[in-house]
Amino acid sequence: MKSPVHRCRDVERQAPCLQTEQQCVPVSQHTSSSMWFIRDACGIVCGFITWMLVFYAEFVVLFVMLLPSKNLTYSLVNGTVFNTLAFLALASHFRAMCTDPVS
């Protein structure tokens, strides 16, 4: 007879929630406006690398491609589009890093 497979999910790791006497807070009662961030080294390093890659791309596009360009309209249009997209990418990455995926 096979032994049951034990899963290590986040709910199972929280010992107070496993006890029948204590009530767990339902997911719907979490405040979505509160900051949520798990401090693990791999996630922080990957987040840092992601942000540095976007900033490096910003440097390359501005100082290597757009500023040396002779066409001012080309530089302004492409610089505005790229900076807008880079800002949206960093804003969405920050929101994904600091928001609880359950709520």
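**Figure 1. The whole chain of this predicted model, with its helices and its surface.** Of the 103 residues of the protein, 10% count as buried. Everything shown here and in the views that follow comes from a predicted model. The secondary structure amounts to four helices and zero strands, and the order of elements, starting at the N terminus, reads α-α-α-α. The protein exposes about 8900 Å², and 67% of that area is supplied by carbon and sulfur atoms. If you like contact maps, here is a number for yours: among contacts between residues at least 6 apart in sequence, 65% join residues at least 24 apart.

**Figure 2. Helix 3 and its buried residues.** Helix 3 covers residues 41-66. How many ångströms should its 26 residues span at 1.5 Å a residue? The expected value is 38 Å, and the end C-alpha atoms of helix 3 lie 36 Å apart, which agrees. Four residue names are worth labelling in this view: Gly47, Glu58, Val61 and Leu66 are the buried residues of helix 3. Helix 4 is included in what covers them.

**Figure 3. Helix 4, shown in the same style.** Helix 4 takes in residues 72-97. With 26 residues at 1.5 Å each, helix 4 should span 38 Å, and the 37 Å between its end C-alpha atoms agrees with that. Which residues of helix 4 are buried? They are Ser75, Gly79, Ala86 and Leu90. Their cover includes helix 3, just as the cover for the buried residues of helix 3 includes helix 4. As a reminder for reading such views, an α-helix has 3.6 residues a turn, so residues three or four places apart point the same way.

**Figure 4. A close-up of Ser75 in helix 4.** Is Ser75, a residue of helix 4, buried or exposed? Ser75 has a relative accessibility of 13%, and because the cut-off for buried is under 20%, Ser75 counts as buried. Setting aside residues up to four places away in sequence, Ser75 touches Leu66 and Ser69. Leu66 is itself one of the buried residues of helix 3.

**Figure 5. Leu67 in the loop between helix 3 and helix 4.** Leu67 sits in the loop that lies between these two helices. Leu67 is exposed, with a relative accessible area of 58%. Where the chain turns up again in this view, look for Gly79: Leu67 and Gly79 are twelve residues apart in sequence, and their C-alpha atoms are 9.4 Å apart in space. Gly79 is among the buried residues of helix 4.

**Figure 6. Asn83 and its contacts.** Asn83 belongs to helix 4. Its relative accessibility is 30%, so Asn83 counts as partly exposed. Which residues does Asn83 contact, leaving aside neighbours within four places in sequence? The answer is Glu58 and Leu62, and Glu58 is buried in helix 3. The C-alpha atoms of Asn83 and Val61 are separated by 9.4 Å, although the two residues are 22 residues apart along the chain.

**Figure 7. The second largest pocket and its lining.** This pocket holds about 150 Å³ of space. Trp36, Phe37, Ile38, Asp40, Gly43, Ile44, Gly47, Phe48 and Met97 form its lining. The lining divides into six nonpolar residues, two polar and one charged. Helix 3 gives the largest share, with four residues. One lining residue, Gly47, will be familiar from Figure 2 as a buried residue of helix 3.

Note on methods. Residues are numbered from 1 along each chain as its sequence is written. This is a predicted model: local features need pLDDT of at least 70, side-chain atom pairs count only at pLDDT 80 or more; totals for chains, interfaces and linings use all residues. Side-chain values use heavy atoms; hydrogens and water are left out. Buried means under 20% relative accessible area, exposed over 50%, partly exposed in between (1.4 Å probe, protein chains only). Contact means heavy atoms within 4.5 Å. Accessible areas come from the Shrake-Rupley method with a 1.4 Å probe; for residues, only the protein chains shown count as cover. On a 1 Å grid over the protein atoms alone, a cavity is a set of points where a 1.4 Å probe fits but cannot get out, and a pocket is an open set with protein on both sides within 12 Å along at least five of seven lines; lining residues have an atom within 4 Å of a point. Grid points are joined across faces, edges and corners, and a volume is the space filled by probe spheres set on the points. Ala, Val, Leu, Ile, Met, Phe, Trp, Tyr, Cys and Pro count as nonpolar, Asp, Glu, Lys and Arg as charged, and the others, Gly among them, as polar. The expected span of a helix is 1.5 Å times one less than its number of residues.
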